[in-house]
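Q: I have a structure open in front of me and would like to learn how to read it. Could you take me through it one feature at a time?

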Amino acid sequence: MVAKRMNSKILLGLLAVGSLVGLVSCRQKVAPVATLNIETTAYTHTSESQKKWGLVTASGAPLQAEEEHNSAAADWSRFPVGTVFRLTDHAERFVVEDYGSALVGNDVVDIYRPELEAVKAWGRQELTMEVVEWGSLERSREILATRLQVPYCKTMHDAIVAKLEDRDS
């Protein structure tokens with residue numbers, strides 16, 4: 001009986017330590033898979049050009065502005081939907097979930113900010129992007145395939161198809 005209680009206590013102790021290790025590892029800084037110099041701008045859902053879309057991104061996800069998940073827009077043929085990254089001197093973790101016509105063909109990433117004042121304060125900055133995880137070209141292509149009547153969506157779609165063909169050959 002004593003052995004059973006000791007084994008139970010040891011098991012509970014190991015579970016507690018395992019949980020703590022899991023929590024710590026979730027907050028650890030992950031080594032980037034790529035580091036790039038890019039230009040950044042900012043956008044908000046309250047600007048005239050964005051009001052019609054509301055609080056939903058092009059991927060269908062809600063716009064978010066939190067330290068662990070901050071929405072971003074980019075050319076999906078360069079930074080596919082779901083790409084996770086950090087920017088130098090910023091604590092937030094960003095996720096590419098949106099796109100914009102002015103971003104197509106450029107290494108410019110647009111950062112979501114909920115208030116217009118924050119967008120103006122951001123301005124245009126040249127920063128280092130640390131890509132933590134690349135998004136999905138396949139998912140980007142699937143989403144854009146339903147929007148080929150929009151010229152800049154077709155441009156991104158066609159560039160993604162070419163990349164996928166090159167990769168598969």
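A: Gladly! Let us begin with a single residue and how much of it can be reached from outside: at 37% relative accessibility, D158 counts as partly exposed. Please keep in mind that this is a predicted model.

Q: Which residue forms a salt bridge with D158?

A: The general idea comes first: side chains of opposite charge can pair when their charged atoms come close. Here the partner of D158 is K154, and their closest N and O atoms are 2.8 Å apart. K154 is partly exposed as well, with a relative accessible area of 38%. The two residues are four apart in helix 4 (residues 151-168), which means about one helical turn separates them.

Q: Which residues do salt bridges that share partners join into one network?

A: The network consists of D75, R78 and D107. Within it, D75 and R78 form a salt bridge whose closest N and O atoms are 3.6 Å apart. Look at how the two ends of that bridge sit: D75 is buried, at 2% relative accessibility, whereas R78 is partly exposed at 32%.

Q: How many salt bridges does a search of the whole structure find?

A: It finds eight. One of them links E39 and R124, with 2.4 Å between the closest N and O atoms. E39 belongs to strand 1 (residues 34-43), while R124 sits in the loop between helix 2 (116-122) and strand 6 (125-133), so this pair ties together parts that are 85 residues apart in sequence.

Q: Are E39 and R124 buried or exposed?

A: The usual way to read this is to look at the relative accessible area of each residue, with over 50% taken as exposed and under 20% as buried. R124 has a value of 55%, so it is exposed. E39 comes to 25% and therefore counts as partly exposed.

Q: Let me step back to the overall fold. How many helices and strands are there in the protein?

A: There are four helices and six strands. To get the layout, follow the chain from its N terminus and note each element in turn, which here gives α-β-β-β-β-β-α-β-α-α.

Q: What share of the residues counts as buried?

A: Of the 169 residues of the protein, 37% are buried. For the outside, you can look at the surface instead: the protein exposes about 10100 Å², and carbon and sulfur atoms supply 57% of that area.

Q: What do the contacts say about how the chain is arranged?

A: Here the thing to look at is how far apart in sequence the touching residues are. Among contacts with a separation of 6 or more, 74% are between residues 24 or more positions apart.

Q: How should I read the strands, for instance strand 4? Which strands pair with strand 4?

A: For each pairing, ask which way the two strands run. Strand 2 and strand 4 pair in the parallel sense over four bridges, and in strand 4 the residue V96 has A72 opposite. Strand 3 runs antiparallel to strand 4, joined to it by two bridges, and F85 stands opposite F94 of strand 4. Six residues lie between the strands in the hairpin of strand 3 and strand 4, where D89 takes a positive phi near 65 degrees.

Q: Why is strand 4 described as largely enclosed by the rest of the structure?

A: Because five of its five residues are buried.

Q: And the aromatic rings? How many aromatic pairs are there?

A: The count comes to five. To read a pair, look at the distance between the ring centres and the angle between the planes. W76 and Y99 are edge-to-face, 4.8 Å centre to centre with 75 degrees between the planes. W76 is in the loop between strand 2 (70-73) and strand 3 (84-87), and Y99 in the loop between strand 4 (94-98) and strand 5 (108-112), 23 residues apart. Both W76 and Y99 are buried.

Q: Which other ring pairs with Y99?

A: That is Y152: the ring centres are 5.8 Å apart and the planes are at 75 degrees, so this pair is also edge-to-face. Y99 lies in the loop between strand 4 and strand 5 and Y152 in helix 4, so the pair ties together parts that are 53 residues apart in sequence. Y152 counts as partly exposed, at 26% relative accessibility. Taken together, W76, Y99 and Y152 form one aromatic cluster.

Definitions and conventions
Residues are numbered from 1 along each chain as its sequence is written. This is a predicted model: local features need pLDDT of at least 70, side-chain atom pairs count only at pLDDT 80 or more; totals for chains, interfaces and linings use all residues. Side-chain values use heavy atoms; hydrogens and water are left out. A salt bridge is a side-chain nitrogen of Lys or Arg within 4 Å of a carboxyl oxygen of Asp or Glu. Buried means under 20% relative accessible area, exposed over 50%, partly exposed in between (1.4 Å probe, protein chains only). Contact means heavy atoms within 4.5 Å. Accessible areas come from the Shrake-Rupley method with a 1.4 Å probe; for residues, only the protein chains shown count as cover. Rings of Phe, Tyr and Trp (its six-membered ring) pair if their centres lie within 6.5 Å; planes under 30 degrees apart count as stacked, over 60 as edge-to-face and the rest as tilted. Two strands pair if DSSP finds at least two bridges between them.
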